[in-house]
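This report describes one protein chain, shown below. It begins with a pocket and then turns to rings, overall layout and a few single residues.

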Amino acid sequence: MNTYYVATLAKYVLVEAVDENAARIAGEIALKSLHAEVSARIGREFPVQIRTVRLATSDEIDFYRWNEETLAREAKN
């Protein structure tokens, strides 16, 4: 399993997958969830158009984990 960077023009996710095709599928599911949250707040639907699927760099993985941990800590407060 590898970590892949999957992105639209506005959002990205990191997903664990065996290959690029599996990463695209997992990324689309995750991005649809993110887009649904934004759509609900704004009252308008946003299509998911994946523009990038590639292996994530170690810096991207580190930043993503740090960001997730920071959001989790803030949610507790």
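The lining of the largest pocket is made up of 6 nonpolar residues, 3 charged residues and no polar ones. This pocket belongs to a predicted model, and its volume is about 180 Å³. The residues that line the pocket are Ala10, Lys11, Tyr12, Val13, Leu34, Glu37, Val38, Arg41 and Tyr64. Lysine, glutamate and arginine count as charged, so Lys11, Glu37 and Arg41 make up the charged part of this lining.

Which element gives the most to the lining of the largest pocket? It is helix α1, with 4 residues. Helix α1 covers residues 20–42, and both this helix and strand β2 supply at least two residues of the lining.

**Aromatic rings**

Two of the lining residues, Tyr12 and Tyr64, also take part in ring pairs. The model has 3 aromatic pairs. In one of them, tyrosine 5 and tyrosine 12 are stacked, with the ring centres 5.0 Å apart and an angle of 20° between the planes. The pair counts as stacked because planes under 30 degrees apart are given that name.

Is tyrosine 5 buried or exposed? Its relative accessibility is 17%, so tyrosine 5 counts as buried. Tyrosine 12 has a relative accessibility of 28% and therefore counts as partly exposed.

Tyrosine 12 has a second partner, tyrosine 64, and this pair is tilted: the centres are 5.9 Å apart and the planes meet at 55°. The pair joins distant parts of the chain, since tyrosine 12 is in strand β2 (residues 12–17) and tyrosine 64 is in helix α2 (residues 58–76), 52 residues apart. Taken together, ring pairs connect Tyr5, Tyr12 and Tyr64 into a cluster.

Tyrosine 5 also has a charged residue over its face. This is arginine 54, which lies 4.2 Å from the ring centre.

**Overall layout**

How many helices and strands are there in the protein? There are 2 helices and 3 strands. Starting at the N terminus, their order is β-β-α-β-α. The C-alpha atoms fill a box of roughly 35 × 30 × 15 Å along the principal axes.

The protein has 77 residues, and 30% of them count as buried. Among contacts between residues at least 6 apart in sequence, 45% join residues at least 24 apart.

**Single residues**

The table lists four residues with the relative accessible area of each and the class that follows from it.

| Residue | Relative accessible area | Class |
|---|---|---|
| Lysine 32 | 47% | partly exposed |
| Histidine 35 | 10% | buried |
| Glutamate 37 | 46% | partly exposed |
| Asparagine 2 | 35% | partly exposed |

Lysine 32 is in helix α1. Its C-alpha atom is 11 Å from that of threonine 8, and the two residues are 24 places apart along the chain.

Histidine 35 is also part of helix α1. Why does histidine 35 count as buried? Its relative accessible area is 10%, and buried means under 20%. Apart from neighbours within four places in sequence, histidine 35 is in contact with Thr8, Lys11, Phe46, Pro47 and Val48. One of these contacts, Lys11, is a residue of the pocket lining too.

Glutamate 37 is another residue of helix α1, and it appears in the lining of the largest pocket. Glutamate 37 is partly exposed because its relative accessible area of 46% falls between the cut-offs of 20% and 50%. From glutamate 37 to alanine 75, the C-alpha distance is 17 Å, and the separation in sequence is 38 residues.

Asparagine 2 is in strand β1, which covers residues 2–7. Which residues is asparagine 2 in contact with, leaving aside neighbours within four places in sequence? They are Val15, Glu16, Ala17 and Leu55. For leucine 55, the C-alpha distance from asparagine 2 is 7.2 Å, although 53 residues separate the two in sequence. Val15, Glu16 and Ala17, which asparagine 2 contacts, fall within the range of strand β2, residues 12–17.

Definitions and conventions: Residues numbered from 1 in each chain as written. Predicted model: local features only at pLDDT ≥ 70, side-chain atom pairs only at ≥ 80, totals over all residues. Heavy atoms only, no water. Phe/Tyr/Trp six-rings, centres within 6.5 Å; stacked < 30°, edge-to-face > 60°. Buried < 20%, exposed > 50% of the residue type's maximum accessible area, 1.4 Å probe, protein only. Lys NZ or Arg CZ within 6 Å of the ring centre and 35° of its normal. 1 Å grid on protein atoms, 1.4 Å probe; cavity = no way out; pocket = protein on both sides within 12 Å on 5 of 7 lines; lining within 4 Å. Points joined across faces, edges and corners; volume = space filled by probe spheres on them. Contact = heavy atoms within 4.5 Å.
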